[in-house]
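This report walks through one structure for a reader who has not seen it before. Please keep the sequence and the 3D view at hand while reading.

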Amino acid sequence: MNKTLEKRSMGLRASRAISNTIIYIILVIMSIVWLIPFICIVLQSFRVESTWQVGYVIPQKWGWDNYIALWNSDFKKWYLNTFIIALVVSVIQTFIVLCMSYTLSRFRFKMRNGLMRFMLILGMFPGMLTMIILYRVLKDLGLTQVNAVPGLILVYVASSGMGYYVSKGFFDTIPKTLDEAARVDGATRAQVLTKIILPLAKPIVIYTILTAFMAPWGDFVFARYVSFGTSAGMNVAVGMYGWLQLDQIGQRYTMFCAGGVVVAIPVTILFMCLQKYYVEGVTGGAVKG
Amino acid sequence: MASVKLTNVKKVYDNNVVAVHDFNLDIHDKEFVVFVGPSGCGKSTTLRMIAGLEDISGGTVEIDGEVVNDLQPKDRNIAMVFQNYALYPHMTVYDNIAFSLRLQKMPEDQIYEKVTNAADILGITEYLLRKPRALSGGQRQRVAIGRAMVRDSKVFLMDEPLSNLDAKLRNQMRAEIILLRQKLDTTFIYVTHDQTEAMTLADRIVIMKDGYIQQVGTPEQCFDMPTNLFVAEFIGAPKMNIMKTQLLRENGRYFVTPFGSKIEVTGEKGQMLAKKNVPAGEILLGVRPEHMVLADDKDAAAIPTTLEVNEMMGSELHLHVFTEDGTRLIVRVPTIGLESGERESLVRGKKINVTFEGKVMHFFDPETEENLLL
Amino acid sequence: MKRYSDLEFLKLSKGQKFLYKLTSFFASIPRAIGGIFLAIGRFFRDLGLGIAEEFSDIFTTFKEGDWKTRASFLVMGLGSMARGQVLRGLLFLLFEIVFIFYMVTTGGYWMSMLPSLGKIGPHDEYSAVLDAYTKVYGDNSFKILLYGVLTIFFIVAFVYTWRLNVKQNKIAQEHERQGKRLKSGADDLRSLVDEQFYKTLLALPLTGILIFTVMPIVFMILVAFTNYDGTHDGYNNALFSWQGLANFRTLLTWSGSGVNYSATFGEILTWTLIWAFFATFTNYFLGMFVAMMINKKGIRLKKLWRTILVMTIAIPQFISLLYVSKMFAKNGIVNGLLLNLGWINQAIDFWGSNAHSGLLPRIMVIVINIWIGIPYLMLIATGILMNIPADLYESSRIDGANAWQQYTKITLPYMLFITGPYLLTSFTSNMNNFNVIYLLTGGAPTNAAASGAAGSVGYTDLLITWLFKITTGAEAQYYLASVVGIMVFVVVAFISLVVYNVLPSIKNEEDFQ
């Protein structure tokens, strides 16, 4: 082979190496930027010398004080509340979403298009608006403040049929001929769902459970309405939000960090284990619109 | 309009799998060469190395005398049609065909001229403003060809362009490619796994297997004188019947003895055996189905068989038979030669005798599977 | 306007093509608008015809009906029971009894009060026993409106069921005349897990949506036409009453009563749209960019980079947002570090800076939203990028496209087309992105110019956070919040409608599947 050729390919390789190096640098910087807040939270949760915000990251004195304070506060109650809500909601919501999306994917009934369009329009109203009345209704039913947990579960679950898009998109990708084959083999529609479709829909079922489980941990607005200042009815988000308000931040800032760690760890572990399904659901949802 | 020369071309993948071994081929200007072989034989890889889509691990590829190993695909002056057409889904047919010309910064009026001209030849003028999605398979295929046509490139590469079409459309497009070739008058390299396409289209066929070239030759050469058992079985449909048998040599004359019969090798084949002084012994005997005929049971050359399946093809019957030791053979019988009632009598389980002439045989070494006459 | 054939059109220059498309677009507008009116007209005509048909069908059913059918007009389900369809008949009858009972006991009261929303408010009444004036509570406007709406729902359901009952009788009578077997209760139940399985599946979700979404929305729309607020809560301090369009006038006219609401509304709406635009597209393009970097051939540890980003999705947003908001506080870590390093001598007020209509906080929320959003977009973009057929890139390489051209001519259009609907929903949900704004800034810094408006408006306030602020506090102006909510709906619906109709690409998304 002649020399000029070799030179040319060397040039190609060199430029590729340079561009890859730049990418590596960007990726490392990004990783740092993305992780730094979380590293800071963890470090500050172990800080003992002051509970106030400070201008440095690494604690001067380490200790479990903040976690112990957490254990002695209402945090336990909030955590339990959130956990119960997340658990119940994820089960019921998944059931409802699957009913809805399977039906809209597989049945062609008279009102189908009208129904889907109607829900699309409903979705354009800001959900915040309905909270006022839902709050009043829950209050009349006695499901606020101390009893906020069942109240919140009811509201979270009730409208979950609206979020059928992603799983409907998934069901649409399962060939209809499978349904038809099963029907020819003598299965009823209900059997088609339980025996054929659900086993195939495992990824989307897990995705739905996962997102339904994660949402209550972060819900803030409505939970705040419903608990209405009663600590026993708060979830972690509402409770810990209070710690960062002006009157409390001085004593509670490092406790907030510790609480954040305690909340984030189980959710993150669960999420990392089921990451595959989450990615599948998110990308599928975006493509199907 | 260019020659393509491949010298010791080799492709080794990162995981050390060798896809192509030592590929040597001279493709002349305006020649139509077809690479054919079963999937995984390296034919597409070779084509993609010529196109510049795969790095070349060793050896050189020359187009028109210039080594192009390190040239970008766009600098090699080639055009390519992909198996899945690779039409840009968001562009109209017109924009798809015009894409490469626009990248070359050709003035729009010239682009218009070229695109409408190509569309006219391919009969897709009325679809120019449509998106690929709105076209049928055959129409998409034409757009893909049109896109390659307007580039006026030296070499036209086609990677299994017909394999996504149904059988009827495939036959039609095959005929159109022959016409297209006459109009374009350029060098074609065409990859397919379908031997019929290879036979009908090619000036020369390159038959590949496991990364090695098995035979390079005109369709006639490949059909009449396959270099080895693989080529013999690959070319021709239904495939060649192979029988394990003894080659006898008596007074300078050669005989074969399949399944208890005795048939003399005559004609050119007999002379070649003698000329090469092939020793007697065990061989693999090949006879194409169309060369087998039905025989009387008294004939010494008759092979007794039992009919298993009778495939009615219209102009001919394909009789699948098996001999006493279970060897399966296929016999092609023209329906026109059958007496009335004979066709109906050919049912499963019927005992029939088959034979063949002495001049239609192929001989292969049972060990190396090479053609004994070459 | 001149119409071109395909070939003539293709001959035009780029500018002419654009002009032609533009003019044909504008030329089609009158027709489209006409079409909308035509569709509305047709809807009402069909509705009228449909109702007329229903009435005539009801009439003929009665005229030709036997005694069973006729009796069912008054006592629902009687005909079904008489024909042996006991289960159906009982359900009809039960529904009628419940309905009548409800209307007689309470429904009638709510309906009669609905036009006035209550006649007697809380007032002081002389009590002879105590010899003093004590407060006596009267009607409850809130309940009247709420149960009035529910009662209307119930009446509609009853009318529908009654009609169904009549129709059932007609069909059953016809079947009887022809000697066909009628469906038994067991048949009905069986069909609910088979042909009519969808009814079973939808029953629960739709009931939930009806009660917890539709009903509150209807209620809140109605509230926009009342004066329901903290001082007119309908029971404890005063009744509220219908106000017609007065609240809309307050929000939309330039000279309100002392407060210029329309200016405030316009300002917040503008920022909401700017925010939604940047929040959507910065994330979109940067996320795609990150995905392409990670997916690039020759980059190692792909999984690690992806995992680092994805991990941040798992952490509940209220933790990360609240924490980041405190990091950038005046006495937070960032300022502390910068001060310690000596790069600044005075803490930067990231969230409170009022300069240039709160430009700094506005930029900050957009930047931090990028930090929140990139991992999602990276995931989505990765999925789509991997689905782009490789031969498109190979083909374009042969056609002579360089890396940049491949990006602009293939990757980007492909991504845009395939994610068109996603972009739209992401834009509208960013308009309503309560969490990011509320947890980061709470709407701060305060917009002094809008101080007269309800709910202390800040520069980073979106319509949705403003709405929230309006409804909190003792002076909560629920009616105004409702009007704002309706306006949000109008804006979102308008954008969606325009995007769906103007951009043909979004309709043709199947091109890629």
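The text below takes up chain A, then a sheet in chain B, then chain C, and ends with the contacts between chains. The model is predicted.

**Chain A**

Chain A holds 14 helices and 0 strands. Read from the N terminus, its elements are α-α-α-α-α-α-α-α-α-α-α-α-α-α. The radius of gyration of chain A is 25 Å, whereas the globule rule gives 19 Å for 289 residues, so chain A is more spread out than a compact globule. Along the principal axes, the C-alpha atoms of chain A occupy a box of roughly 90 × 75 × 30 Å.

Of the 289 residues in chain A, 42% are buried. Among the contacts in chain A with a separation of 6 or more, 72% join residues 24 or more positions apart.

**A sheet in chain B**

Chain B contains an open sheet of 5 strands, with the order S15-S19-S16-S17-S18 and antiparallel pairing. Which strands of chain B stand at the edges? They are strand S15 (292-295) and strand S18 (328-334); each has a single partner strand, so one side of each is left without a neighbour in the sheet. On average, and with direction ignored, neighbouring strands of this sheet are turned by 50° against each other.

At one of these edges, S15(B) is joined by 4 bridges to strand S19 (residues 351-356) of chain B, and the two run antiparallel. Within this pairing, B:Leu294 has B:Val354 in S19(B) as its bridge partner.

**Domains and a hairpin in chain C**

Chain C is divided into three parts: domain 1 (6-55), domain 2 (65-244) and domain 3 (261-512). The C-alpha centres of domain 2 of chain C and domain 3 of chain C are 43 Å apart. Contact between these two domains involves 9 residues of domain 2 of chain C and 10 residues of domain 3 of chain C. The side of domain 2 of chain C that touches domain 3 of chain C consists of 5 nonpolar, 3 polar and 1 charged residues.

Strand S1 (residues 123-127) of chain C pairs with S2(C) through 5 bridges, and the strands run antiparallel. In this pair, C:Glu125 has C:Thr134 in S2(C) as its bridge partner. S1(C) and S2(C) make a hairpin with 4 residues between them, and C:Asp131 in the turn has a positive phi of about 55°. How many of the 5 residues of strand S2 (residues 132-136) of chain C are buried? The count is 0, and strand S2 of chain C is hardly covered.

**Contacts between chains**

In the contact of chain A with chain C, 65 residues come from chain A and 77 residues from chain C. Helix H1 (residues 3-45) of chain A gives the most to the chain A side, with 12 residues.

Chain B also touches chain C: 25 residues of chain B are in contact with 24 residues of chain C. The elements giving two or more residues to the chain B side are strand S6 (78-81), helix H2 (93-103) and helix H3 (108-122) of chain B. H2(B) supplies the largest share, 4 residues.

The table lists the classes of residues on two of these sides.

| Side | Nonpolar | Polar | Charged |
|---|---|---|---|
| Chain A, touching chain C | 47 residues | 15 residues | 3 residues |
| Chain B, touching chain C | 16 residues | 5 residues | 4 residues |

How values were computed:
Residues numbered from 1 in each chain as written. Chains lettered and ligands numbered in written order. Predicted model: local features only at pLDDT ≥ 70, side-chain atom pairs only at ≥ 80, totals over all residues. Domains from an automatic or database assignment. Contact = placed C-beta atoms within 7 Å. Nonpolar A, V, L, I, M, F, W, Y, C, P; charged D, E, K, R; others polar. Rg over C-alpha atoms; globule rule 2.2 N^0.38 Å. Buried ≥ 20, exposed ≤ 12 C-beta atoms within 10 Å, placed from the backbone. Pairing = 2+ DSSP bridges. Axes fitted to C-alpha atoms, helices over the stretch in contact; angles between N-to-C directions.
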